[in-house]
Amino acid sequence: ADSTATSDLLEEETIVHDTNKSEPPMIEVTIATTREQVERAVKALYAHPDKIHACDTEVADIDLKKVGPVGNGRVICISIYSGPEVDYGDG
């Protein structure tokens, strides 16, 4: 992996700076666990149709040696990154 690209990305993120320079900066993250929080995050997602969204999912109850991921298993986590200017509810 290119550490320069990662460093550049972190500089563009919404970062909470700590006055103690020995600790790394924290990136704000929205965690949606209720229907209301998910609806707010989806509304924010649809409010930015011009953005390129990076998405990743985690799936359970699937044997990838037997079936493919499309239409099989159960999605247990979705991660979406849309850039530092998109607020999904906690930023």
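**Exercise 1. Decide whether R35 is buried, partly exposed or exposed, and find out how its side chain pairs with that of E39.**

Solution. Begin with R35, whose relative accessible area is 68%; since buried means under 20% relative accessible area, exposed over 50%, and partly exposed in between (1.4 Å probe, protein chains only), R35 is exposed. This is a predicted model, in which local features need pLDDT of at least 70 and side-chain atom pairs count only at pLDDT 80 or more, while totals for chains, interfaces and linings use all residues. Residues are numbered from 1 along each chain as its sequence is written, and side-chain values use heavy atoms, with hydrogens and water left out.

Next, turn to E39, which counts as partly exposed at 45% relative accessibility. The side chains of R35 and E39 form a salt bridge at 3.2 Å, N to O, where the term stands for a side-chain nitrogen of Lys or Arg within 4 Å of a carboxyl oxygen of Asp or Glu. Side chains of opposite charge can pair when their charged atoms come close.

Finally, place the pair: R35 and E39 are 4 residues apart in helix 2 (residues 35-46), and are therefore separated by about one helical turn. Helices (H or I, at least four residues) and strands (E, at least two) are DSSP runs, numbered from the N terminus.

**Exercise 2. Work out which parts of the chain are tied together by the pair E85 and K51.**

Solution. First, take the distance: the side chains of E85 and K51 meet in a salt bridge of 2.4 Å, N to O. Then locate both residues: E85 lies in the segment after strand 4, whereas K51 lies in the loop between helix 2 and strand 3 (54-60), so the pair ties together parts that are 34 residues apart in sequence. As a last step, compare their accessibility with the cut-offs: E85 is partly exposed at 49%, and K51 is partly exposed at 25%.

**Exercise 3. Describe the surroundings of V86, leaving aside its neighbours within four places in sequence.**

Solution. Start with the position of V86, which is in the segment after strand 4 (74-81). With a relative accessible area of 10%, V86 is buried. Now look for contacts, meaning heavy atoms within 4.5 Å: once those sequence neighbours are set aside, V86 is in contact with H48 and K51. To finish, consider A44, which is 42 residues from V86 along the chain, although the C-alpha atoms of the two are separated by 7.4 Å.
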